[in-house]
Amino acid sequence: MKYEIKCSKCSRTSSSVLAFKCSCGSPLETHVHFNFEKKKVRKQDYGVWRYVNFFPYVKEKEIISLGEGWTPPVKFSDNVYFKLENSNPTGSFKDRGSTVLISTLHKLVKKAGGYISEDSSGNAGASIAAYAARAGLKAKIYVPEKVSGPKFNQIQFYGAEVVKVSGGRSRVAEEAQKAEKGKFYVGHILHPLFRDGMRSLAYEIAEQLGWHVPERIYLPVSAGTLLSGVINGFKHLVESDVIEAMPKIVACQTQQVSPLYHRFKNLSYTPPERINSIADALVSVNPPLLNLMVKHLREANGDAVMVEEDEIFNTFKELARKGFFVEPSSAVAYAAYKKQLKNKEASKGCKTVVVLTGIGLKTMLKPS
Ligand SMILES: Cc1ncc(COP(=O)(O)O)c(C=O)c1O
Ligand SMILES: [Zn+2]
């Protein structure tokens with residue numbers, strides 16, 4: 001057995017790649033049962049599919065790709081590298097999940113004469129819509145009413161049907177999951193294969209740095225797909241003796257949306273009545289993967305940081321003025337790094353990777 005899709009709570013295995021949660025209601029996780037071997041990396045491919053041999057449930061002939069992955073690690077200062085996930089085809093890291101997910105199931109959904117549905121605050125919706133378009137698959141994307149204009153436009157340009165849902169983020173998910181004839185729900189937050197695609201980011205960071213992993217990696221966290229997938233990727237490399245130890249993974253959240261930070265630090269968290277953070281992609285106040293994220297982050301001996309609105313805004317502007325035009329949500333990771341430097345929880349001497357998750361052209365902010 002090369003892989004299993006298993007419940008994170010009751011350990012029941014799922015036999016279908018279409019399943020997005022266990023019959024007990026808990027999230028599913030993908031487990032691979034083989035070692036990562038450097039010689040199995042496809043050196044001639046510069047993208048996610050360089051690692052095709054480590055995604056055993058994907059049939060090579062069915063891969064749907066837009067050229068995602070193998071994003072540049074840019075040296076920003078002596079020991080700090082920015083991993084430019086904003087240079088992915090739809091402008092965010094989500095394309096790693098979409099290429100893996102859509103490649104695995106587009107044939108199955110088409111054969112059943114169906115279409116896919118997804119709920120997203122923007123970036124994942126745009127990404128799933130793009131890969132569905134490439135696969136010739138119909139997609140229905142459910143978005144919060146106040147979705148950012150550029151993301152909303154992007155989803156529509158890809159030809160997906162967009163449904164705006166009022167109320168909180170969980171209302172959007174409920175609508176997307178509502179049973180309808182021909183509908184296959186592939187919501188990126190729950191679907192284990194979307195999250196599993198994020199393993200490729202860990203492999204890339206390790207390989208691009210000569211298989212010497214950095215000491216610290218900063219990621220912005222909302223629903224936790226990036227965090228959980230990246231931790232699983234590094235764990236796989238450690239278990240396969242490809243790298244010696246896990247890097248310190250630092251989960252970065254905004255003051256308004258920080259359920260993981262609070263749980264991780266054993267603090268209580270009450271979300272604000274209204275979220276109006278400029279980090280508009282980080283909105284999961286009650287993420288379904290929270291227990292899983294805490295478990296992963298603790299096992300990985302990671303850390304969590306929370307940043308304030310002014311820190312995010314100043315960092316967003318600072319990055320742009322140094323030529324890195326990223327979403328405010330992405331600036332959260334660099335703001336968290338700077339905060340840890342200031343508090344002496346991190347040091348300039350540590351080799352550090354900050355993942356810049358999404359492109360600045362998607363922001364609704366106006367320059368003053
Ligand atoms: C630009 C950007 N960064 C970070 C995140 C956080 O990722 P996750 O929801 O997997 O925690 C998102 C999620 O929407 C995003 O769009
Ligand atoms: Zn279960």
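Here are a few worked exercises on a predicted model, covering its zinc site, its other ligand and two loop residues.

**Exercise 1. Which residues coordinate the zinc ion (ligand 2), and how are they spaced in sequence?**

Step 1. Start at the metal and look for its donor atoms. The SG atoms of Cys-7, Cys-10, Cys-22 and Cys-24 coordinate the zinc ion (ligand 2) at 2.3 Å.

Step 2. Now go back to the sequence. The donor residues follow the spacing C-x2-C-x11-C-x1-C.

**Exercise 2. What is the arrangement of the four donor atoms around the zinc ion (ligand 2)?**

Step 1. Recall the cut-off: four donors count as tetrahedral if all angles lie between 85 and 135 degrees.

Step 2. Compare the angles at this site. They run from 104 to 122 degrees, so the arrangement is tetrahedral.

**Exercise 3. Decide for Cys-22 and Cys-24: buried, partly exposed or exposed?**

Step 1. You need two limits here: buried means under 20% relative accessible area, and exposed means over 50%, with partly exposed in between.

Step 2. Cys-22 has 7% relative accessibility, so Cys-22 counts as buried.

Step 3. Cys-24 has 39% relative accessibility, and therefore counts as partly exposed.

**Exercise 4. Which residues are closest to ligand 1, and what polar contacts do Asn-123, Ser-222 and Thr-225 make with ligand 1?**

Step 1. List the surroundings. Ligand 1 is surrounded by 15 residues, and the closest are Lys-94, Asn-123, Ser-222, Thr-225 and Thr-357.

Step 2. Take the side chains. Thr-225 places a polar side-chain atom 2.5 Å from an oxygen atom of ligand 1. For Asn-123, an N or O atom of the side chain is 2.7 Å from an oxygen atom of ligand 1.

Step 3. Check the backbone too. A polar backbone atom of Ser-222 is 2.7 Å from an oxygen atom of ligand 1.

Step 4. Finish with the cover. On its own, ligand 1 has 390 Å² of accessible area, and the protein covers 97% of it.

**Exercise 5. Where do Trp-211 and Asp-241 lie, and is each buried or exposed?**

Step 1. Begin with the backbone. Trp-211 is not a glycine, yet its phi is positive, at about 65 degrees. Asp-241, also a residue other than glycine, has a positive phi near 60 degrees.

Step 2. Place them. Trp-211 sits in the loop between α6 (199-208) and β10 (216-220). Asp-241 belongs to the loop between α7 (225-239) and β11 (248-254).

Step 3. Apply the limits from Exercise 3. Trp-211 has a relative accessible area of 17%, so Trp-211 is buried. Asp-241 has 69% relative accessibility, so Asp-241 counts as exposed.

How values were computed
Residues are numbered from 1 along each chain as its sequence is written. Chains are lettered from A and ligands numbered from 1 in the order in which they are written. This is a predicted model: local features need pLDDT of at least 70, side-chain atom pairs count only at pLDDT 80 or more; totals for chains, interfaces and linings use all residues. Side-chain values use heavy atoms; hydrogens and water are left out. Donors are N, O and S atoms within 2.8 Å of the metal (3.2 Å for Na, K and Ca); water is not among the atoms, so sites may look incomplete. Four donors count as tetrahedral if all angles lie between 85 and 135 degrees; four count as square planar and six as octahedral if opposite donors are over 155 degrees apart and all others between 65 and 115; anything else is irregular. Buried means under 20% relative accessible area, exposed over 50%, partly exposed in between (1.4 Å probe, protein chains only). Helices (H or I, at least four residues) and strands (E, at least two) are DSSP runs, numbered from the N terminus. A residue is near a molecule or strand if one of its heavy atoms lies within 4 Å of it. A polar contact is a pair of N or O atoms within 3.5 Å; within protein, one must be able to donate a hydrogen and the other to accept it, and residues adjacent in sequence count only if both atoms are side-chain atoms. Accessible areas come from the Shrake-Rupley method with a 1.4 Å probe; for residues, only the protein chains shown count as cover.
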